[in-house]
Amino acid sequence: MVLGGVYGNLFNLIQEIANFTSTCHIPQDLKYGSFENGKWTGMVADLVYDRADLAVTPLDVTEERMHYIDYLLSIGFSRYMVVMKRPSSSDFLWTTYIQEFHKDVWALLLFSVLVMIVVLYIITGLLPTEEKISLSESFTIVSGCIIAQGYMTSHLP
């Protein structure tokens, strides 16, 4: 058996540089190693019960394993993700996206939008350098900005 991958290639390189030979096997239960029913499984079992001298794998360091095996210096890091049970169709409602907003937040958001519409309408009417826009155009501009859409006026001849 020939080792491959990042860890396998590194082990093969160390073996070549240090000029030693090795044999490789896969654990009979095809597991990494956990403590189940009072016994170790997988690669950890092979190490603990003297069926192997080392394991070439990205094996997580756990407190339980540290009492039985030694780890060499880490040569890599991995990213872990938090996973959760997939919600059933009854759990997945459109309100899932908005349930965290209290009714006061929604009221404040609506009030802020209305204020922005009126302020934009008044400012364009007061400034001589700006083209006066209607209240509906002001609504369109503010609404487009809130939902992250652009606004572009077109001047037709």
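Helices here are DSSP runs of type H or I with at least four residues, strands are E runs of at least two, and both are numbered from the N terminus. With that in hand, the chain reads α-β-β-α-α-α-α from the N terminus on. That gives five helices and two strands, and bear in mind throughout that this is a predicted model.

Let's start with the overall picture. The protein has 157 residues, and 17% of them count as buried. Its accessible surface comes to about 13700 Å², with carbon and sulfur atoms supplying 62% of that. As for how the chain folds back on itself, take the contacts with a separation of 6 or more: 26% of these join residues 24 or more positions apart.

Now walk in from the N terminus. Helix H1 covers residues 5-18, and Leu 10 sits in this helix. Is Leu 10 buried or exposed? Neither, as it turns out: its relative accessible area is 32%, and buried means under 20% while exposed means over 50%, so Leu 10 lands in the partly exposed class. Leu 10 also gives a feel for the longer-range layout, since Val 56 is 46 residues away from it in sequence, yet their C-alpha atoms are 9.3 Å apart in space.

Step off the end of H1 and you reach Asn 19, in the loop that leads from H1 to strand E1 (35-36). Have a look at its backbone: phi is positive, about 55 degrees, even though the residue is not a glycine. Asn 19 is exposed as well, at 69% relative accessible area. Further along comes Asn 37, in the loop between E1 and strand E2 (39-40). Here again phi is positive at about 55 degrees in a residue that is not a glycine. Asn 37 has a relative accessible area of 81%, so this residue is exposed too.

Carry on past E2 to the loop between helix H2 (42-48) and helix H3 (63-66), where you'll find Asp 53. With a relative accessibility of 81%, Asp 53 counts as exposed. Which residue should you look for across from it? Try Ser 22: the two are 31 residues apart in sequence, and 9.8 Å separates their C-alpha atoms.

The C-terminal part brings a helix pair worth turning around on screen. Two packed helices are described by the angle between their axes and the distance between the axes. For helix H4 (residues 103-126) and helix H5 (residues 135-146), the angle is about 130 degrees and the axes lie 9 Å apart. Angles over 145 degrees would count as roughly antiparallel and 65 to 115 as roughly perpendicular; this one falls in neither range, so H4 and H5 are oblique to each other. Their crossing is right-handed. Which residues make the contact? From H4 come Val 113, Met 116, Ile 117, Leu 120 and Tyr 121. Facing them from H5 are Leu 135, Ser 138, Phe 139, Ile 141, Val 142 and Ile 146.

One last thing to check is the cysteines. A disulfide is a covalent bond between the sulfur atoms of two cysteines. How many turn up in a search of the whole structure? Zero. Cys 24 is partly exposed, at 33% relative accessibility, whereas Cys 145 counts as exposed, at 54%.

Methods: Residues numbered from 1 in each chain as written. Predicted model: local features only at pLDDT ≥ 70, side-chain atom pairs only at ≥ 80, totals over all residues. Heavy atoms only, no water. Buried < 20%, exposed > 50% of the residue type's maximum accessible area, 1.4 Å probe, protein only. Contact = heavy atoms within 4.5 Å. Areas by Shrake-Rupley, 256 points an atom, 1.4 Å probe, with all protein chains shown as cover. Disulfide = S-S within 2.5 Å. Axes fitted to C-alpha atoms, helices over the stretch in contact; angles between N-to-C directions. Parallel < 35°, antiparallel > 145°, perpendicular 65-115°, else oblique. Left-handed = near helix turned anticlockwise from the far one by under 90°.
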